[in-house]
Amino acid sequence: MNLLSAKNISHTFEYELFSNVSFELNAKESIAIIGMSGSGKSTLLHILSTLLTPDNGWVALFDEEIQAMSKKRLSNIKRHDLGLIFQSHYLFNGFSAYENLEVSEILSGEKIDDELIERLDIKKVIGQKVTQLSGGQQQRVSIARVLTKQ
């Protein structure tokens, strides 16, 4: 199954970051995006995850072009089928780690998996405010939040 496709995507800010990038990602495959600082890796990921629109070309999720999708369809895919783990965690600072997982539980309708909390080694800190957690603990809470949707 084709999960993600990009065809001839290009993007420019003050200078051209990349042009004519094309690839396909199928189920059970993985890819790595590598490059120097400022080469457009994050911009490419933002385009592939629908947070930015490419200057040229198109992106498809599950064999559907993003630009042709209704906002409702795209929202449903983001909510139920797509998980993003950001470099910055984007956790709710006033909430505990568990409350951050509860937000995902409410939005997805999926229960929080206690075994996942154990595997990610965050059980001891799950009741703490995210501002009290180390960067690594925050990252693992962020990962748990995404995986709660499954």
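**Figure 1. Polar contact between the side chain of Q138 and the backbone of V130.** In this predicted model, the side chain of Q138 lies 2.8 Å from the backbone oxygen of V130. Q138 belongs to helix α5, which spans residues 135-147. Its relative accessibility is 18%, and Q138 therefore counts as buried, the cut-off being under 20%. When neighbours within four places in sequence are set aside, the residues in contact with Q138 are H89, L91, V130, T131 and L133. V130 thus appears both as the partner of the 2.8 Å approach and in this list of contacts.

**Figure 2. A nonpolar core of 14 residues that includes V130 and L133.** Two of the residues in contact with Q138, V130 and L133, are also members of a core of 14 residues. L116 and I126 are among the other members of this core. It lies apart from the largest nonpolar core of the model, which is the subject of the next view.

**Figure 3. The largest nonpolar core, with 17 residues.** Within this core of 17 residues, the members with the most contacts are L4, I9, F18, F23, L48, V59 and L61. Two or more residues each are contributed by strands β1 (2-12), β2 (16-26) and β3 (56-61) and by helices α1 (41-48) and α2 (71-80). The largest share, 4 residues, is that of β2. In soluble globular proteins, nonpolar side chains tend to be buried together.

**Figure 4. Surroundings of L4.** Residues up to four places away in sequence are not counted in this view. L4 touches F23, E24 and L25, and further L48, V59, A60 and L61. Of these, F23, L48, V59 and L61 are listed, as is L4, among the residues with the most contacts inside the largest core.

**Figure 5. Pairing of β1 with β2 and with β3.** Strands β1 and β2 form a hairpin, with 3 residues between them. Their pairing is antiparallel and comprises 7 bridges; one bridge partnership joins N2 to N26 in β2. β1 also runs antiparallel to β3, to which 5 bridges join it. Here S5 has A60 of β3 as its bridge partner, and A60 is one of the residues touched by L4.

**Figure 6. Confidence of the prediction by element.** Over the protein chain the mean pLDDT is 91, and 98% of the residues reach 70 or more. Among the elements, β3 has the highest mean pLDDT, 96, and α2 the lowest, 89. Both elements give two or more residues to the largest core.

Conventions. Residues are numbered from 1 along each chain as its sequence is written. This is a predicted model: local features need pLDDT of at least 70, side-chain atom pairs count only at pLDDT 80 or more; totals for chains, interfaces and linings use all residues. Side-chain values use heavy atoms; hydrogens and water are left out. Buried means under 20% relative accessible area, exposed over 50%, partly exposed in between (1.4 Å probe, protein chains only). A polar contact is a pair of N or O atoms within 3.5 Å; within protein, one must be able to donate a hydrogen and the other to accept it, and residues adjacent in sequence count only if both atoms are side-chain atoms. Contact means heavy atoms within 4.5 Å. A nonpolar core is a set of buried Ala, Val, Leu, Ile, Met, Phe, Trp, Tyr and Cys residues joined through side-chain atoms within 4.5 Å. Two strands pair if DSSP finds at least two bridges between them. pLDDT is the predictor's confidence in each residue, from 0 to 100.
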